[in-house]
Amino acid sequence: AFIKEIHFVTGAVSMETLPKPLPEVAFVGKSNVGKSSLLNLLVNNYSIAYTSKTPGKTQQLNYFIVNRSQEDKKFFLVDLPGYGYARVSKETRDKWVDLIRDYLEQRKCLQVLFHLIDASQGISQEDRYFIEFLLTTHVLERYYAVLTKMDKCNKPKDMVVQSIKSELLTLGFPFEVMVIPTSFKQRWGSEDLWLALKPLILR
Ligand code: GDP
């Protein structure tokens, strides 16, 4: 099997405290987008409970290692701190941007960036700020949009996916991006995430 086990490794607070490089897959999104829920859904079959709830306070990069033995491909899942707490100070916001910018630009082993977007709300103003920022970095070809809370959408899945794709093009993406719909509540979509990341991790 591609995934045998998943374990929590560390909560890194700065570039200096990141673990020794392995191929890695990062998850980012605004707070409340459903990131913890989706991570739970992803790792659930591997019988570890995912918990990392420290809203707004410590801005940690939570590292999980997938597989541990020599025979298996090892890689990290990284839960990046959420953005867009309405009430955080400019200082906190600037710190977040600095850390995430350094991370995206310097972490060469980052293979996949999953950007979570709440499908029931569409691309919000905070998401737009993040996308603008992202367009100035060099990780675009590793970018995937992941739609959360699809169960709250009344429109057909394909229509929602297509409209997000078009909107991302309008926002300045130079090519059509991959968009993966999910629902934690209805417990679907995690298989597609594993399928998307597998070839990038194995290459
Ligand atoms: P985080 O702040 O991004 O980690 O978000 P959470 O995973 O804590 O989820 C925020 C809220 O959205 C919680 O109340 C969840 O129950 C809810 N939520 C998460 N995923 C889904 C989903 O797929 N469907 C629905 N309807 N609610 C969800």
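**Entry 1: Val97**

I began with Val97, which counts as partly exposed because 14 C-beta neighbours lie inside 10 Å, a number that falls between the limits of 12 or fewer for exposed and 20 or more for buried. I noted that the model is a predicted one, and that Val97 has its place in helix H2, residues 90-106. I then looked up a distance and found that the C-alpha atoms of Val97 and Pro199, which are 102 residues apart along the chain, are separated by 29 Å.

**Entry 2: Pro23 and Val25**

I went on to Pro23, which I found in the loop between strand S1 (6-12) and strand S2 (24-29). Pro23 has 18 C-beta neighbours inside 10 Å, so it counts as partly exposed. Leaving out residues up to four places away in sequence, I listed Phe75, Cys109, Gln111 and Ile201 as the residues that Pro23 touches. I also looked up Ser183, which is 160 residues from Pro23 along the chain, and the C-alpha atoms of the two are separated by 26 Å.

For Val25, again without the neighbours within four places in sequence, I wrote down contacts with Phe75, Leu77, Val78, Gln111, Val112, Phe114 and Leu197. Which residues touch the most other members of the largest nonpolar core? I found that they are Val25, Ala26, Phe27, Val78, Phe114 and Leu116, out of the 44 residues in that core. I kept a general remark beside this, that in soluble globular proteins nonpolar side chains tend to be buried together.

**Entry 3: Strand S6 and its partners**

I asked why strand S6, residues 143-148, is described as largely enclosed by the rest of the structure. The reason is that 5 of the 6 residues of S6 are buried.

I then followed the pairing on either side of this entry's strand. Strand S5 (residues 110-118) pairs with S6 in the parallel sense over 6 bridges, and His115 has Ala145 as its bridge partner in S6. Strand S7 (residues 178-181) also runs parallel to S6, to which it is joined by 4 bridges. Ala145 appears here too, with Val179 as its bridge partner in S7, while Val146 has Ile180 as its partner in that strand.

I traced the connections as well: S5, helix H3 (residues 125-134) and S6 make a right-handed β-α-β unit, and S6, helix H4 (residues 157-170) and S7 make a right-handed β-α-β unit.

**Entry 4: The faces of S7**

Which side chains of S7 point to the face where they are buried? I found that Val179 and Pro181 do, whereas Met178 and Ile180 point to the other face and are not buried. The general rule I set next to this is that in a regular strand the side chains alternate between the two faces of the sheet.

**Entry 5: Two positive phi values**

I looked up Lys149, which lies in the loop between S6 and H4 and has a phi near 60°, a positive value in a residue other than glycine. I marked this because most residues other than glycine have a negative phi. Arg187, which is not a glycine either, has a positive phi of about 55°, and its place is in the loop between S7 and helix H5 (190-202).

Are these residues buried or exposed? Lys149 has 23 other C-beta atoms within 10 Å and is therefore buried, whereas Arg187 has 12 within that distance and is therefore exposed.

**Entry 6: Gly34 and the ligand**

I found Gly34 in the loop between S2 and H1, and it is buried, since 23 other C-beta atoms lie within 10 Å. Apart from residues up to four places away in sequence, Gly34 touches Leu116, Asp118, Thr148, Lys149 and Phe184. Its C-alpha atom is separated by 27 Å from that of Lys108, which is 74 residues apart from it along the chain.

Which of the 16 residues around the ligand come nearest? My list has Gly34, Lys35, Ser36, Ser37 and Phe184. I also looked up which element gives the most to this shell, and it is helix H1 (residues 35-44), with 3 residues. Sorted by class, the shell around the ligand has 9 polar, 5 charged and 2 nonpolar residues.

Terms used. Residues numbered from 1 in each chain as written. Predicted model: local features only at pLDDT ≥ 70, side-chain atom pairs only at ≥ 80, totals over all residues. Core = buried A, V, L, I, M, F, W, Y, C linked by C-beta atoms within 7 Å. Contact = placed C-beta atoms within 7 Å. Near = placed C-beta within 6 Å. Nonpolar A, V, L, I, M, F, W, Y, C, P; charged D, E, K, R; others polar. Pairing = 2+ DSSP bridges. Right-handed = clockwise from strand over helix to strand, strands pointing away.
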